[in-house]
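Biologist: Could you take a close look at one part for me, the place where the two chains meet? I'd like the cut-offs along with the numbers.

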Protein chains: 2
Amino acid sequence: MKKKKISITDLAKELNVTPSTVSRALNGLGSISTKRKEQIVNLAQKYGYRPNHIAKSMVSNKTFNIGLILPEFTHNYFNKILAGIESITYQKGYQLLICTSDALKEKEEKSCLTLLDARVDGILAAAGNSSDNLDHFSKIIDYGTPLVLLDRICEDLNTSYVITDDFDGAFEAVQYLIDSGCRNIVHIKGPDYISTSFNRFLGYQEALRKNGLTYREELVIAGDSESFVDDVNNTLNTFPIDAFFAFSDYNAFDIVKVLKQRHCKIPEEISVIGYADEPLAQYISPQLSTVKQPAYEIGKRAAEILLKIIEENIELPMTEQLKTSLVHRETTKNSH
Amino acid sequence: MKKKKISITDLAKELNVTPSTVSRALNGLGSISTKRKEQIVNLAQKYGYRPNHIAKSMVSNKTFNIGLILPEFTHNYFNKILAGIESITYQKGYQLLICTSDALKEKEEKSCLTLLDARVDGILAAAGNSSDNLDHFSKIIDYGTPLVLLDRICEDLNTSYVITDDFDGAFEAVQYLIDSGCRNIVHIKGPDYISTSFNRFLGYQEALRKNGLTYREELVIAGDSESFVDDVNNTLNTFPIDAFFAFSDYNAFDIVKVLKQRHCKIPEEISVIGYADEPLAQYISPQLSTVKQPAYEIGKRAAEILLKIIEENIELPMTEQLKTSLVHRETTKNSH
DNA sequence: ATCATTAAGGCAAACGTTTGACTGGAATTT
DNA sequence: AAATTCCAGTCAAACGTTTGCCTTAATGAT
């Protein structure tokens, strides 16, 4: 059975002083005689007094809790983000209240309410891919709770963001492919309504354009399609493909599998670049070249920004863009 | 700026009733005329009233928060535990307050205090270190907060446990290797200060002993050493090795890589068994045989037990031991 | 017409803490 | 000696909610 903890009032009674005196003694505020203070501190020590954060929250309207909404925890990407966030919140004395959304809009909405009800001081959220509509987040903003969104920009939502430069990451990857001699580069595209996948798509196009290669719609395949593997095979049968740039590592894994089945030489005949640098990338054979997102850093920066907003009462939203880096492994040729 | 949320008192004022009436109307308790009730509910709706959980906690002495202490989140094992826990707590309307300990006793202690200070309804913890001093956990017990420990039993601590049998898991794995004809079995050992790795080490030794094989210190390699890959190669050069039993899948992956470089036939010449069944195990080639820990289940059961203790006010501790299972894939021979 | 019952809702305390305003007395200044 | 300052504390309200007890008025039974 949960025992009643000793309270400031209990201490006050035992010493025949008022709770205010005890509070001030313990917090070192107001003026209290050294003798009294010592007496109070000693008694608190003796009983192992611990302040009640809940009661504190009531009066201060501050919980030192940060809400975190992530789609799931089974992907390395989100774990690293979590680890990054935690490194900051721990240091600053905040606790993390976590919610998983399973990338379902419904659960995401519910999580927002739950966290708001819990009166968290701020919220960090990575919107799942399935929600093209982010109204539930505007509820957070309306209430005035600081919000930092990870990974995806949403034009309509006037809040802070920490994102990686998807355009640039994609551009760099495709530029590398071109530099290493590839000319017929397929892009595996993610859902259109997600800013990240759209930006990678744009980066792909821009890299082609800048190098005088024409963009061909036939060389773009939807990565989330049912017929994905078939589409890849068809494209390989129809065009003289020499490279793939995929929206995600998982798509890239599938492509490597297909190419191995077709006894294609990787990377001599066909190069492959993925996106995210999942740990798997290093373990498959050949090891996957990929665009590395600084997940830990993203979490860290997002937490830093959120706490800055909370503690310095900053009103205007800020956006921070982190750099990706191309990891050259075994599915790409050396560029000249 | 954080806006003040509408409170029960605000609603009460606007309708010239008392807060008690509003509270009862909203909770459907006490007797209130249908008209009044409707009026109150409508107004609450209009203003988007949301109850303040903090205030509720003050009077009920219940937070609907569960504290969670894990060493880290970058390993799949703990993520799965987290996912398992979350699946239960979400369903029962509890929130998770998470703390990472980095397997440091100091942080672990601090986390205990933090969670206690936050007045969580219960705590789930996976102890990270092997120190026999678990005073910080006994503090939780002393205060009467329900506690379920994961993964590791501590004799002195009279509380509930959900564990897997590392000794047994290791024993079974090594027994399998012996049954399939291996005699010179290398063990890749985890850090000494982690009890799980130590127990697996003991299981390895016991399996050898029981089968009349002598334990040889030279066949034990530290998995976390800088020179790990060199050590493996040296051992392979020096002894007629026919199997590896690794403390973790990641070590096993590295070994497979080394063996492939040496053009060793797996499993004909050398067998490999890992530990944990990381998702990667199925993606590498050959697919890794490994000891599967039911991580998701562990989390789930631990959460179930904790909530049972909390909600049914159960006093006596319970221990549940979950079975590991050997997953036979492509890095082990069939046993006779 | 009288008494008992009940429905509807008010009152106030409680949870643990903080904080602005106040007070009584001692110490200091003029 | 009177006026001023300062120290050490007290008082009470506030945060938002719940809940046991009480009051009022209406309803029903006799």
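Modeller: Sure. In this model, 52 residues of chain A are in contact with 55 residues of chain B, contact meaning heavy atoms within 4.5 Å. Before going on: this is a predicted model, where local features need pLDDT of at least 70 and side-chain atom pairs count only at pLDDT 80 or more, while totals for chains, interfaces and linings use all residues. Side-chain values use heavy atoms, with hydrogens and water left out, residues are numbered from 1 along each chain as its sequence is written, and chains are lettered from A and ligands numbered from 1 in the order in which they are written.

Between them, chain A and chain B bury about 5,100 Å², with 55% of it on carbon and sulfur atoms; that's the accessible area (1.4 Å probe) the two parts lose on being put together, summed over both. A:K2, A:R119 and A:Y283 supply 15% of what chain A buries against chain B, more than any other three residues.

Now the symmetry. A turn of 174° with a shift of 0.0 Å along the axis lays chain A on chain B with an RMSD of 1.9 Å (least squares on the C-alpha atoms of residues with pLDDT of at least 70 in both). The two copies are therefore related as by a two-fold rotation axis. In chain A, A:L97 has the C-alpha nearest that axis, 1.8 Å from it. Both copies use the same surface: 92% of the contact residues of chain A recur in chain B.

Strands meet here as well: β2(A) pairs with strand β2 (residues 95–100) of chain B in the antiparallel sense, over three bridges. One of the bridge partners is B:I98 in β2(B), which goes with A:L96. Strands here are DSSP runs (E, at least two residues), helices likewise (H or I, at least four), numbered from the N terminus, and two strands pair if DSSP finds at least two bridges between them.

As for charges, the rule finds two salt bridges across the interface of chain A and chain B, taking a side-chain nitrogen of Lys or Arg within 4 Å of a carboxyl oxygen of Asp or Glu. B:D117 forms a salt bridge with A:R50, with the closest N and O atoms 2.6 Å apart. On the side of chain A that touches chain B, α4 (53–60), α5 (76–92), β2 (95–100), α6 (105–117), α7 (135–143) and α12 (280–283) each supply at least two residues.
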